[in-house]
Amino acid sequence: MPPEDWTDRHVARWRDHWSGIAYDDEVEGIVTRIGRIARYLDRTVKDAAAASDLQESEYKTLHVLMIRDTPGSASPTELAEDLRISGAGMTGRLDALEKKGWIKRVSAIDDRRRVIIQITPKGTEIWRGAMGNRGTAEDELVSSLSARDRASLNRILKKLTVYIESLDT
């Protein structure tokens with residue numbers, strides 16, 4: 001049996017506080033552990049960015065730019081939508097990234113009035129460094145699982161994400 005974790009203690013503390021309200025130890029354990037893992041992964045993103053001398057917002061902007069169907073190229077509006085920030089907020093981020101030489105603004109080929117953001121080689125290099133740091137942290141986390149456990153967990157998490165995605169229709 002695995003050792004007790006923070007969530008086991010949390011569930012035990014809260015179990016008797018829910019009289020008259022549905023409470024399931026298993027559900028609470030799952031949701032709480034997923035939340036703790038999500039916070040850990042958020043911290044690894046911040047740490048990976050900092051280790052590459054990036055602000056978290058800079059890393060996230062470069063990351064969203066790179067993971068597109070057209071890697072390294074997007075309109076400011078597309079980036080703002082993906083990052084869920086305002087157009088003005090996006091402009092400020094892009095100005096800072098351009099000043100550092102990590103992106104450039106170019107005119108769209110089909111409509112020269114439209115601006116396209118492109119990552120520069122310098123931007124790609126710094127993003128890749130942060131991704132390497134992030135990947136190392138993720139690998140360390142998952143290394144605590146056997147190959148069989150990884151496959152099982154991946155299948156289970158997929159069921160949860162497929163359900164969540166079905167709600168977004």
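**Helix faces, core and surface patch in a predicted model**

Thr 91 lies in helix α5. The model is predicted. Thr 91 is partly exposed, with a relative accessibility of 40%. That value falls between the limits for the two other classes, under 20% for buried and over 50% for exposed. Thr 91 and Asp 149 are separated by 58 residues in sequence. In space, their C-alpha atoms are 44 Å apart.

Helix α5 also contributes to the largest nonpolar core. This core has 22 residues. Six of them touch the most other members: Leu 54, Tyr 59, Leu 62, Leu 65, Leu 79 and Ile 103. Two or more residues come from each of α2, α3 (56-66), α4 (76-83), α5 (87-99), β3 (115-119) and α6 (121-142). The largest share, 5 residues, is given by α3. The contacts of Leu 54 were then listed without residues up to four places away in sequence. On that basis, Leu 54 touches Ala 49, Tyr 59, Leu 62, Trp 102, Ile 126 and Ala 130. Two of these partners, Tyr 59 and Leu 62, are also among the six core residues named above.

Helix α4 has three buried residues to consider: Leu 79, Ala 80 and Leu 83 are buried in this helix. Around the axis they cover an arc of only 100°, so they sit on the same side of α4. Their cover includes α3, β1 (73-74), α5 and β3. Leu 79 is thus described twice, as a buried residue of α4 and as one of the core residues that touch the most other members. Just after α4, Arg 84 adopts a positive phi of about 60°.

Helix α1 was examined in the same way. In α1 (residues 6-14), Thr 7, His 10 and Val 11 are buried. Viewed down the helix axis, the buried residues of α1 fall within an arc of 95°, so they line one face of the helix. These buried residues pack against α2.

Helix α2 also takes part in a nonpolar patch on the surface. The patch is formed by Val 27, Ile 30, Val 31, Ile 34, Leu 153, Ile 156, Leu 157 and Leu 160. Together these residues have about 660 Å² of accessible area. Two elements, α2 (25-51) and α7 (147-167), each give two or more residues to the patch. Leu 157 is located in helix α7. Its relative accessible area is 35%, so Leu 157 is partly exposed. Patch residues need over 30% relative accessible area, and Leu 157 is one of the patch members.

Definitions and conventions:
Residues numbered from 1 in each chain as written. Predicted model: local features only at pLDDT ≥ 70, side-chain atom pairs only at ≥ 80, totals over all residues. Heavy atoms only, no water. Patch = residues over 30% accessible without salt bridge, like charges linked within 9 Å, V, L, I, M, F, W, Y side chains within 5 Å. Areas by Shrake-Rupley, 256 points an atom, 1.4 Å probe, with all protein chains shown as cover. Salt bridge = Lys/Arg side-chain N within 4 Å of Asp/Glu carboxyl O. Helix = DSSP H or I, 4+ residues; strand = E, 2+ residues; numbered from the N terminus. Buried < 20%, exposed > 50% of the residue type's maximum accessible area, 1.4 Å probe, protein only. Core = buried A, V, L, I, M, F, W, Y, C linked by side-chain atoms within 4.5 Å. Contact = heavy atoms within 4.5 Å. Arc of directions from axis to C-beta.
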